[in-house]
Amino acid sequence: MKHLVIRPATLADAAALLSIYAPHVTHTAVSFEETLPTVEEFKSRMEKTITDGFPYLVAECNGEVVGYCYAGLLNKRSAWRFTVETSIYIAENQHRKGIGRLLMNALEEALRAQQRTCCIAIIAYPRTDTDPHLTKASVTFHESLGYQIKGHFTRCGYKFGRWYDVVYMEHQI
């Protein structure tokens, strides 16, 4: 990785970010979304997150977008305003290069500046160790950042003709 830059996302990044997200929708159970959103729908989601004042970050390596992450409210009720849900996606050919850790560190720094205190990652979890569409890699990654599993929910999502569990992981920042 020659030159990595973490920067705020802009709406002009929507197509590049959607191309990173697409395989997670079409080939994996990482996302429970079953139909790939259009660029316009994806851009609209980004705009809401950014307009709501939450960090939305992009990782660029040598000018190419290779990952992104963002946060949003876990719950709309005002007492939850310090707790956020985090999401991160890395391009398939860029895994295990430290990009995710750098993105999440930058995200947490931005969240601390907003006086957020609790990050929740909601992660699809395979029901078997040999699932062709999902591994436990996201859980392992989040554990390496200090997240801990706080809830395990059974048969929450159905995709590719099989059931998937969900785990809630928490990290205090």
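Visitor: How does Arg45 count at 33% relative accessibility: buried, exposed or partly exposed?

Guide: Let's start with the general idea. Under 20% a residue is called buried, over 50% exposed, and in between partly exposed. Arg45 has a relative accessibility of 33%, so the label is partly exposed. Do keep in mind that what you see above is a predicted model.

Visitor: Which residue does the side chain of Arg45 meet in a salt bridge?

Guide: The general idea comes first again: side chains of opposite charge can pair when their charged atoms come close. Here the partner is Glu41, and the N to O distance is 3.1 Å. Glu41 is itself partly exposed, at 36% relative accessibility.

Visitor: Where do Glu41 and Arg45 lie?

Guide: Look at helix H2, which covers residues 39–51. Both residues belong to this helix and are 4 residues apart, about one turn of the helix.

Visitor: How many salt bridges does the count come to?

Guide: The count comes to 11 salt bridges. One of them joins the side chains of Asp165 and Arg127, at 2.6 Å from N to O. Asp165 belongs to strand E7 (residues 162–172), while Arg127 is in the loop between E5 and helix H4 (137–144), so this pair ties together parts that are 38 residues apart in sequence.

Visitor: How do I read accessibility for that pair? Does Asp165, at 6%, count as buried or exposed?

Guide: Asp165 counts as buried at 6% relative accessibility, whereas Arg127 is partly exposed at 42%.

Visitor: With which residue does Glu170 form a salt bridge?

Guide: Glu170 pairs with Lys150, and their closest N and O atoms are 3.7 Å apart. This pair links distant parts of the chain, with Glu170 in strand E7 and Lys150 in strand E6 (residues 148–159), 20 residues apart. Salt bridges can also share partners, as in the one network that joins Arg7, Asp13 and Glu60.

Visitor: Let me follow Glu60 from that network. In which strand is Glu60 found?

Guide: Strand E2, residues 56–61, holds Glu60. Its relative accessible area is 18%, which means that Glu60 falls in the buried class.

Visitor: Which side chain makes a polar contact with the side chain of Glu60?

Guide: That of Arg7, at 3.0 Å. To read the wider surroundings, set aside the neighbours within four places in sequence, and Glu60 is then in contact with His3, Leu4, Val5, Arg7, Val65 and Val66.

Visitor: Now the strands. In which sense do E2 and E3 pair?

Guide: Trace the two strands side by side in the view above. E2 and E3 pair in the antiparallel sense, over 6 bridges. To find your place, look for Tyr56, which stands opposite Tyr70 in E3. On its other pairing, E3 joins strand E4 (residues 83–90) over 7 bridges, also in the antiparallel sense. There, Cys69 has Ile88 of E4 as its bridge partner.

Visitor: How many residues of strand E3 are buried?

Guide: Strand E3 spans residues 64–73, and 7 of its 10 residues are buried, so the strand is largely enclosed by the rest of the structure.

Visitor: What do E2 and E3 form, with 2 residues between them?

Guide: They form a hairpin, and Asn62 sits in its turn. Asn62 has a positive phi of about 50°, although Asn62 is not a glycine. At 48% relative accessibility, Asn62 counts as partly exposed because this value stays below the exposed cut-off of over 50%.

Visitor: Where does Gln115 lie?

Guide: Gln115 is in the loop between helix H3 (99–113) and E5. Here too the phi is positive, about 65°, and the residue is not a glycine. Gln115 has a relative accessible area of 58%, so this residue is exposed.

Visitor: One last feature, the surface. Which residues make a nonpolar surface patch?

Guide: Ile122, Phe153 and Tyr168 make a patch of about 240 Å². Of these residues, Ile122 has its place in strand E5, residues 118–125. Ile122 is partly exposed, with a relative accessible area of 31%.

Definitions and conventions: Residues are numbered from 1 along each chain as its sequence is written. This is a predicted model: local features need pLDDT of at least 70, side-chain atom pairs count only at pLDDT 80 or more; totals for chains, interfaces and linings use all residues. Side-chain values use heavy atoms; hydrogens and water are left out. Buried means under 20% relative accessible area, exposed over 50%, partly exposed in between (1.4 Å probe, protein chains only). A polar contact is a pair of N or O atoms within 3.5 Å; within protein, one must be able to donate a hydrogen and the other to accept it, and residues adjacent in sequence count only if both atoms are side-chain atoms. Contact means heavy atoms within 4.5 Å. Patches are made of residues with over 30% relative accessible area and no salt bridge: like charges are joined within 9 Å, nonpolar side chains (Val, Leu, Ile, Met, Phe, Trp, Tyr) within 5 Å. Accessible areas come from the Shrake-Rupley method with a 1.4 Å probe; for residues, only the protein chains shown count as cover. A salt bridge is a side-chain nitrogen of Lys or Arg within 4 Å of a carboxyl oxygen of Asp or Glu. Two strands pair if DSSP finds at least two bridges between them.
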